[in-house]
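Q: I'm new to this structure and a bit lost. Could you pick one spot where two pieces pack together, look at it closely, and then walk me outward from there?

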Amino acid sequence: MLGRRSQRSLFSLTQHQHRQMASQSRSLRPAQWKTAAPEPLLGTLTFAAQSKLPQLPVPELKDTLNRLKESLKPIAWSDAEYASVVKKIDAFEREKGQELHQRLLQKAATRQHWLEEWWDDAGYLGYRDSVVVNVSYYYGFDQSPSHLSNAPATRAAGIARAAMIFRQKLKQGLIKPESTKEGPLCMDTYRWMFDCCRVPGEGLDWSVSYAKNGELGDSGHIIVIRKNRVYKVDVTHNGRILSTSEIEKQIQHIYENTLQEYPGVGVLSASDRDIWAKDYAELEKSSVNSKILEAIHSSAFVISLESSQPRDPIHHSRALWHGDVIGGIPVGLRNRWVDKPVQFVVFDNGYAGLMGEHSVMDGTPTARMCDEVLDILYDPAFDHGSSSGPEKTPTPLDWEVTEATTQAIAKADHAAAELIHSQELGFHITSYGKAAIKAFGVSPDSWAQMIIQLAYRRLLGTNKRNGGTYEAASTRKFFKGRTEAIRVVTSEADEWVRSMDDPAATAETRKKLFDSATRKHVSLAKAGGQGQGVDRHLFGLRKVLKESEGLPELYDDPVFKRSSYWVLSTSAIFSKHFPVYGWGEVVPDGFGVAYVTGYDDRLQYTITSRKEMPNARFVKEVGKAAQDLYALHSSVPPVKAKL
């Protein structure tokens, strides 16, 4: 899961909103907030390639506009509508576009990453709705192997020790850097994984980091929350990470000594960001609360111990995504701090997972972290450590709750419960997976995307498509690279989709059209990864407009706006340890489609939407499309594999 959340409304914002976002909170957040996190340890294994990574390119204007024209053709509702937007694109290229492009090139020449600051704010930190559902994501973990206890205190302690070991290796630069066949990937955002937190601000948020240069990862604490009560848990002592049993004793103490519900202050972090900023300011008036906030922000990570007992994929997903609601109270969100980039959740039956905050780090680093944490924890040879120091007791951190905060919690409870109840989640697993798809000579990702396109077309029936399909492409081959949008809707994909329900089309014709569609998808994905997409460049051109300049006509065109209205927001990630993972839709009449292609024996789809959307029907159509695509390839003689 890379970065699809940031695509919610970049082009739908007015110029006034862009400027307002840039001007608000200047007096509230530190101007250089991002420099607070220590720079990567150059020369170490983890960050050895950082200084050699190329800068994110600014594509050629003509290339971007040609790609834009091509992407708009299947989005237009008529030939006349398409001709109109092409005319605006040509006018933009002749007139304002060239000037804006030169400004963008000048900006890029003065910065290590021309997009970073804009992207942080417009994509994430300026977003004002609750991060829950709208921004956060989750990974559900598989069950512990038989040699480990699945008791919640043991489960939480094992995850804590393994995560602290990963953190220690990261701080020492001993984590193997990520790479592809093309070369190394940027590891910069890993420095925002631990010891940091998002902070609400009116208009704009920011993140704080308590990591220090030269740290070796042999000190630090975590925050554990149970029945809404916050505990500071020391997990290091005299330069060593505590043993699993030492951490387990502290967590068991929390279970045994937290028998009543405490004020649900954590739910405030799930509010609208401007509301949360005001409630945060009220909390901060108390010196006691300020210290608690600092303890949360500076913690390595949070572990939320929850009384829910999910036993099926949908409940496991929802319990992680937004937590349970009981009697109208969002008990899960009361027990969390959703601004932490890493928050493990352990349920009373031993089920577990991660809820992640998305703003300064995409999903691939946390997925890799969770994968390695569970790998080392599940290994029978894992060193659980030995007890060699004084027994530690967790420190309860109890809020001073004013009447204003009590009222704020009640309002936040109501808003969170309404948000959760507005959501639907469906889950589907196919009867085949990566092994069969690759045997057919097809990219598994392209295959999975074509299933989505076919299913959505059938769901729409004769209705017109009201938006595009977003898939995240990683641009981490570049310094500080994050994502580019793959515009999945293409003329080639539409032609194949039409053929699948055309009784006159032969299997050979359908297969030929499918091959054309997947070749196109692969080429778009590769271009996106090279920084040669459409959306980031056009966003940059808009950002260099001066306040006195009007918005170019192209940006207000209905076809152009429709193309980046992501009715299907899709992304894939894989870990053998994640039986569930997902996030929410990004527009009210759309779907979030989290899918997994890494299993040999199955594809996995999680589909989210508002309740008024036909979620169950879409899930059913995904299942049927998957069967039809497999049947098509089974009926046509195989050709030489492309992969």
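**Around helix α5**

A: Start with α5 and α18, which lie roughly perpendicular to each other. Keep in mind as we go that this is a predicted model. Helix α5 covers residues 116-125, and it packs against α18 at an angle of about 95 degrees, with the two axes 11 Å apart. An angle anywhere from 65 to 115 degrees counts as roughly perpendicular, so about 95 degrees earns these two helices that label.

Who does the touching? On the α5 side you'll find Trp118, Trp119 and Ala122, and they meet Arg536, Phe539, Gly540 and Lys543 of α18. Sort the residues of this contact by character and you get four nonpolar, one polar and two charged. The charged ones are Arg536 and Lys543, and the polar one is Gly540, because glycine goes with the polar group here.

Now look at α5 on its own. Nine of its 10 residues are buried, so the helix is largely enclosed by the rest of the structure. The buried set is Glu116, Trp118, Trp119, Asp120, Asp121, Ala122, Gly123, Tyr124 and Leu125. Notice that Trp118, Trp119 and Ala122, which reach α18, are in that buried set too. So are Glu116, Asp120 and Asp121.

Trp118 has another partner worth a look: Lys107 lies over the face of its ring, at 4.4 Å from the ring centre. Lys107 takes us to helix α4, which runs over residues 96-108. The axes of α4 and α3 come within 3 Å and cross at roughly 55 degrees. That makes α3 oblique to α4, unlike the roughly perpendicular arrangement of α5 and α18. On the α3 side of this contact are Ala91, Phe92, Glu93 and Arg94, while α4 brings Lys96, Gly97, Gln98 and Leu100. The contact between α3 and α4 divides into three nonpolar, two polar and three charged residues.

Next, the rings. A pair of aromatic rings is described by the distance of the centres and the angle of the planes. There are 27 aromatic pairs in this model. In one of them, Phe92 meets Tyr555 edge-to-face, 5.9 Å centre to centre and with 80 degrees between the planes. This pair ties together distant parts of the chain: Phe92 belongs to helix α3 (residues 79-94), Tyr555 sits in the loop between α18 (535-543) and α19 (558-563), and the two positions lie 463 residues apart along the sequence. Phe92 and Tyr555 are both buried. So Phe92 does two jobs in our tour, because it is part of the contact of α3 with α4 and also pairs with Tyr555.

A second pair to find is Phe301 with Phe344, also edge-to-face, at 5.2 Å centre to centre and 85 degrees between the planes. Here Phe301 sits in the loop between α9 (287-298) and β10 (302-306), Phe344 is in strand β11 (residues 343-347), and the two are 43 residues apart. With a relative accessible area of 0%, Phe301 is buried, and Phe344 is buried as well, at 1%. Both rings belong to an aromatic cluster, together with Tyr137, Tyr139, Phe141, Phe166, Phe194, Phe578 and Tyr581.

Ring faces turn up once more at Trp77, where Arg562 lies over the face of the ring at 3.6 Å from its centre.

Finally, three single residues away from our starting point. Ser317 is in helix α10 (residues 313-321), and its relative accessibility of 0% makes it buried. Leaving out residues up to four places away in sequence, Ser317 touches Tyr138, Leu425 and Val580.

Arg334, in helix α11 (residues 331-334), is also buried, although its relative accessible area is 18%. The cut-off is 20%. Among the residues that Arg334 touches are Asn228, Tyr262, Ile409 and Asp413. Its C-alpha atom is 8.9 Å from that of Ser269, and these two are 65 residues apart along the chain.

Glu215 falls on the other side of that cut-off: at 21% relative accessibility it counts as partly exposed. You'll find Glu215 in the loop between β5 (206-209) and β6 (221-226). Beyond its sequence neighbours up to four places away, Glu215 touches Lys171, Asp195 and Tyr210. Gln172 is 43 residues from Glu215 in sequence, with a C-alpha to C-alpha separation of 7.7 Å.

Terms used:
Residues are numbered from 1 along each chain as its sequence is written. This is a predicted model: local features need pLDDT of at least 70, side-chain atom pairs count only at pLDDT 80 or more; totals for chains, interfaces and linings use all residues. Side-chain values use heavy atoms; hydrogens and water are left out. Rings of Phe, Tyr and Trp (its six-membered ring) pair if their centres lie within 6.5 Å; planes under 30 degrees apart count as stacked, over 60 as edge-to-face and the rest as tilted. Helices (H or I, at least four residues) and strands (E, at least two) are DSSP runs, numbered from the N terminus. Buried means under 20% relative accessible area, exposed over 50%, partly exposed in between (1.4 Å probe, protein chains only). A charge sits over a ring if NZ of Lys or CZ of Arg is within 6 Å of the ring centre and within 35 degrees of the ring normal. Axes are lines fitted to C-alpha atoms, for helices over the stretch in contact, and angles run from 0 to 180 degrees between N-to-C directions. Angles under 35 degrees count as roughly parallel, over 145 as roughly antiparallel, 65 to 115 as roughly perpendicular and the rest as oblique. Contact means heavy atoms within 4.5 Å.
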